[in-house]
Amino acid sequence: LTCAAEKGSAEAMYHLGELAEKGTSVTKSLKIAFQNYRRASESGHAQAMVKHAHFLFSNLGTSGLLASPLTKRERCIEALKLYEKAGDKHEIGEALNCAGVMYEEGHGVEADEKR
């Protein structure tokens with residue numbers, strides 16, 4: 001998996017993120033999980049976009065890994081963009097549901113129950 005991820009496989013990056021998040025066969029590390037999910041997300045992997053968004057929204061594993069620390073609102077806005085991209089372009093139901101909850105509860109955006 002590591003070799004494939006280093007060669008640019010978004011699927012491998014995503015699975016390395018899962019392993020690090022759960023501590024399966026590797027030391028559990030939310031930081032490493034976030035790094036892998038972010039790389040896979042940036043490569044267009046839809047499920048990784050959802051995980052990347054979850055980590056941003058919850059502020060898991062992001063410490064010291066972002067170019068500059070994001071405020072809670074900025075993290076929410078970035079998470080919402082990822083949820084919408086995964087939901088709209090890749091039809092990931094979980095992403096659409098998360099985006100809907102963010103609009104309903106006003107996380108990073110003004111509350112809008114219609115969206």
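Phe34 is a good place to enter this predicted model: its relative accessibility is 0%, so Phe34 counts as buried. Phe55 is buried as well, at 2% relative accessibility. These two residues take part in the aromatic pairing of the structure, which holds three such pairs in total. The ring centres of Phe34 and Phe55 lie 6.4 Å apart and their planes meet at 25°, so this pair is stacked. The pairing joins distant parts of the chain, since Phe34 belongs to helix H3 and Phe55 to helix H4, with their positions 21 residues apart in sequence.

Phe55 has a further partner in Tyr37, and here the arrangement is edge-to-face, with 5.4 Å from centre to centre and 70° between the planes. This contact also links distant parts of the chain, Tyr37 being in helix H3 and Phe55 in helix H4, 18 residues apart. Tyr37 is buried, with a relative accessible area of 0%. Taken together, ring pairs connect Tyr14, Phe34, Tyr37 and Phe55 into a cluster.

Helix H3, which supplies two of these rings, Phe34 and Tyr37, deserves a look of its own. The helix covers residues 30–42, and its 13 residues reach 18 Å from the first C-alpha to the last, close to the 18 Å expected at 1.5 Å a residue. Its buried residues are Ala33, Phe34, Asn36, Tyr37, Arg38, Ala40 and Ser41. In general, residues three or four places apart on an α-helix point the same way, because each turn takes 3.6 residues. The buried residues of H3 pack against three other helices, namely H2 (10–22), H4 (46–58) and H5 (72–90). After H3 comes Gly44, with a positive phi near 95°.

Among the buried residues of H3, what is the nearest side chain of opposite charge to Arg38? That side chain is Glu42, 4.4 Å away, and Arg38 has no salt bridge although it is buried. Beyond its neighbours within four places in sequence, Arg38 is in contact with His52, Leu65 and Leu66.

Two loop residues round off the picture. Ser25, in the loop between H2 and H3, has a positive phi of about 65° although it is not a glycine. Ser25 is exposed, with a relative accessible area of 76%. Asn59, likewise not a glycine, has a positive phi of about 60° and is found in the loop between H4 and H5. With a relative accessible area of 40%, Asn59 is partly exposed.

Conventions. Residues numbered from 1 in each chain as written. Predicted model: local features only at pLDDT ≥ 70, side-chain atom pairs only at ≥ 80, totals over all residues. Heavy atoms only, no water. Helix = DSSP H or I, 4+ residues; strand = E, 2+ residues; numbered from the N terminus. Expected span 1.5 Å × (residues − 1). Buried < 20%, exposed > 50% of the residue type's maximum accessible area, 1.4 Å probe, protein only. Contact = heavy atoms within 4.5 Å. Lys, Arg positive; Asp, Glu negative; His and termini not counted. Salt bridge = Lys/Arg side-chain N within 4 Å of Asp/Glu carboxyl O. Phe/Tyr/Trp six-rings, centres within 6.5 Å; stacked < 30°, edge-to-face > 60°.
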